[in-house]
Amino acid sequence: GEVIPLNARKVNSRITSLDNGYDFLNVLPLDEESTFDMIVKSYIKACEIFGEDEVCCLIPFRNKGILCSDNFNFKIRNILNPPEVGKCEINLKGGLTFRVGDRVMETKNKEFVMNGDVGKIASINISGKTVNIKFNDEIITYDFDEMKTITHAYALTIHKSQGCEFKCVIINIMEEHAVMLNKNLFYTAITRGSEKVMVVGNGVKKAILNTRDKRLTLLKYLI
């Protein structure tokens with residue numbers, strides 16, 4: 001894409017007037033509900049174009065407000081990988097449900113897998129209380145207890161997306177997220193997408209102009 005690197009340079013230089021083009025789009029929705037619906041619909045459409053493994057939603061907060069990555073993960077997973085008769089799933093402590101075919105991320109460094117690695121649940125053994133997750137071409141077996149470091153990966157916090165790359169990313173940035181946003185985090189978000197970046201929200205200017213790093217005080221919402 002041509003506009004993605006141009007806009008990345010603009011963000012780095014604190015220029016707030018970003019360009020729209022075939023590979024970069026900034027959309028201003030009306031309210032939180034319409035924003036949520038627009039992002040989910042755009043995500044599903046992008047999957048048809050780029051493939052499910054090449055699309056990701058990037059969100060400032062993990063579990064705060066309607067527009068948090070937990071909510072997007074729940075909604076998008078149930079559309080792309082709905083429950084079916086014969087498709088194994090487990091309900092773990094904390095209310096998380098994992099089913100075969102789910103896209104997931106490891107959030108800690110382990111012996112065979114690194115923090116930030118994205119994989120897919122290949123199989124679940126209910127009686128043996130184990131889950132097989134395929135990372136790249138390797139199957140890693142987790143006990144149910146070890147699954148607490150696994151999260152769904154259809155939507156990621158921008159913080160967690162560092163090191164990832166997708167053909168298409170959909171970024172949600174609202175003015176009410178501004179306390180969480182800064183130039184570096186926004187730069188990280190838009191450079192995760194190699195072919196298409198869609199920014200949904202009205203917080204772009206605030207994000208670019210905020211050079212302070214407030215992540216440490218709000219880390220519990222982010223990770």
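Start with the largest pocket of this predicted model, which has a volume of about 730 Å³. Select Leu-96, Phe-98, Lys-148, Ile-150 and Thr-151: of the 32 lining residues, these are the closest to the centre of the pocket.

Next, colour the elements that give two or more residues to this lining: helix H3 (69-80) and the strands E3 (89-91), E4 (97-99), E9 (150-152) and E10 (155-157). Helix H3 gives the most, with five residues. Colouring the lining by class shows 13 nonpolar, 11 polar and eight charged residues.

Now move to the second largest pocket, with about 290 Å³ of space. To show its lining, select Asp-53, Glu-54, Arg-103, Gly-116, Asp-117, Val-118, Gly-119, Lys-120, Gly-163, Cys-164, Glu-165 and Phe-166. Strand E6, residues 118-125, supplies the largest share of this lining, three residues. By class, the lining of the second largest pocket has six charged residues, along with three nonpolar and three polar ones.

The last stop is a single residue, Asn-210, in the loop that runs between helix H6 (204-209) and helix H7 (219-222). Is Asn-210 buried or exposed? Its relative accessible area is 11%, so Asn-210 counts as buried, the cut-off being under 20%.

Keep Asn-210 selected and add Leu-181: a polar atom of the Asn-210 side chain lies 2.5 Å from the backbone oxygen of Leu-181. Then add Val-179, which is 31 residues from Asn-210 along the chain; the C-alpha atoms of these two residues are separated by 8.8 Å.

Notes: Residues numbered from 1 in each chain as written. Predicted model: local features only at pLDDT ≥ 70, side-chain atom pairs only at ≥ 80, totals over all residues. Heavy atoms only, no water. 1 Å grid on protein atoms, 1.4 Å probe; cavity = no way out; pocket = protein on both sides within 12 Å on 5 of 7 lines; lining within 4 Å. Points joined across faces, edges and corners; volume = space filled by probe spheres on them. Helix = DSSP H or I, 4+ residues; strand = E, 2+ residues; numbered from the N terminus. Nonpolar A, V, L, I, M, F, W, Y, C, P; charged D, E, K, R; others polar. Buried < 20%, exposed > 50% of the residue type's maximum accessible area, 1.4 Å probe, protein only. Polar contact = N/O pair within 3.5 Å; in protein donor to acceptor, adjacent residues only side chain to side chain.
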